[in-house]
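Here's a friendly walk through a protein chain for anyone meeting it for the first time. Have a look at the picture, then read on.

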Amino acid sequence: IVSLAYSGTATNGTDYNGIASTSITIPAGSLSANAATGITATQDASPEGDETIIIDISSVSKGFESGTQQQTITIIDDDAPTVSSVSVPANGTYMTGQNLDFTVIFTQAVTINTASGVPSIPVTIGSATVQASLNGTVSNATTATFRYTVQNNQEDTNGITLGSAIATNGATIRNAASLNAVTTLNNVGSTSAVLVDAVVPT
């Protein structure tokens, strides 16, 4: 009888479920036998990276282990980053040349590659939709700031509004495992008191 031990970075009941074999019975005259692990990975939303399950021989009854016999199972992290929240400009009235900054917070660190385009967030000011574009660079960070600068003759007296998602415009937003972020905007702060008055007097 060969007794088995399990270790590694993955946690039974959290990262995988199953009743794995704890021993293998090798028939007399045989040098090997199989064991059903019964291991099934569990889908969760935790950004943990790849994790391992290591199966070792812990002891052998009426025999011996020839060298180190070990099997490693890798659970691939397939949890894509999402937007956890969006902070908005402070309440007030914004005029020509002032910035409207929106800070997007991701559930995982991301890198935004702008080689093929610059991502933006649609912002409605009055009846017109403009784009708040990515401000600066984002490399392995959980926050990204999008900025729009108020232009002459723009006006909104009842609060600007944001679109429902980041427009990638050819850019990529990915985590360390190269998984694309889900760009839907969640938990957006209230903009009902973020007003614009850039109408030029005549």
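What follows goes from the overall outline to the sheets, then to the core and one residue beside a loop.

## The big picture

First things first: this is a predicted model. The chain holds 16 strands and 0 helices, so if you're hunting for helices, you can stop by the definition used here.

How far does the chain spread out? Along its principal axes, the C-alpha trace spans about 100 × 30 × 20 Å. Its radius of gyration is 27 Å, while a compact globule of 202 residues would come in near 17 Å.

## Surface and contacts

Of the 202 residues in the chain, 27% are buried. The accessible surface adds up to about 11200 Å², and carbon and sulfur atoms account for 49% of that.

Then there's the question of who touches whom. Take the contacts between residues at least 6 apart in sequence: 66% of them join residues at least 24 apart.

## A sheet of four strands

One open sheet has 4 strands, lined up in the order β3-β1-β5-β6 with antiparallel pairing. At its edges sit β3 (23-24) and β6 (70-75), each of which pairs on one side only. As a general point, strands of a sheet pair through backbone hydrogen bonds, in either a parallel or an antiparallel way.

Strand β1 (residues 2-7) is a good one to follow. It runs antiparallel to β3, and 2 bridges join the two; S3, for instance, has S23 in β3 as its bridge partner. β1 also runs antiparallel to strand β5 (residues 51-60), this time with 6 bridges between them. There, V2 is partnered with V60 of β5.

## A sheet of three strands

Another open sheet has 3 strands in the order β8-β16-β13, and its pairing is mixed. The edge strands here are β8 (92-94) and β13 (155-156), and each pairs on one side only.

β13 and β16 run antiparallel, with 2 bridges joining them. If you'd like a spot to look for on the model, try D156: its bridge partner in β16 is V196.

## The nonpolar core

Which residues touch the most other members of the largest nonpolar core? They are L100, F102, V104 and F106, out of 30 residues in that core. At least two core residues come from each of β7 (83-87), β9 (99-113), β10 (120-125), β11 (128-135), β12 (141-149) and β16 (194-197). β9 gives the largest share, with 6 residues.

F106 is worth a closer look. Setting aside its neighbours within four places in sequence, F106 is in contact with T82, V83, S84, T142, A144, I166, I173 and A181.

## A buried asparagine in a loop

Where would you find N175? It lies in the loop between β15 (172-174) and β16. Is N175 buried or exposed? N175 counts as buried because its relative accessible area is 10%, and the cut-off for buried is under 20%.

So what surrounds N175? Not counting residues up to four places away in sequence, N175 touches D79, P81, Q108, A109 and V110. With one of these, Q108, there's a side-chain link too: a polar contact of 2.9 Å joins the side chains of N175 and Q108.

Technical notes: Residues numbered from 1 in each chain as written. Predicted model: local features only at pLDDT ≥ 70, side-chain atom pairs only at ≥ 80, totals over all residues. Heavy atoms only, no water. Pairing = 2+ DSSP bridges. Rg over C-alpha atoms; globule rule 2.2 N^0.38 Å. Buried < 20%, exposed > 50% of the residue type's maximum accessible area, 1.4 Å probe, protein only. Contact = heavy atoms within 4.5 Å. Areas by Shrake-Rupley, 256 points an atom, 1.4 Å probe, with all protein chains shown as cover. Core = buried A, V, L, I, M, F, W, Y, C linked by side-chain atoms within 4.5 Å. Polar contact = N/O pair within 3.5 Å; in protein donor to acceptor, adjacent residues only side chain to side chain.
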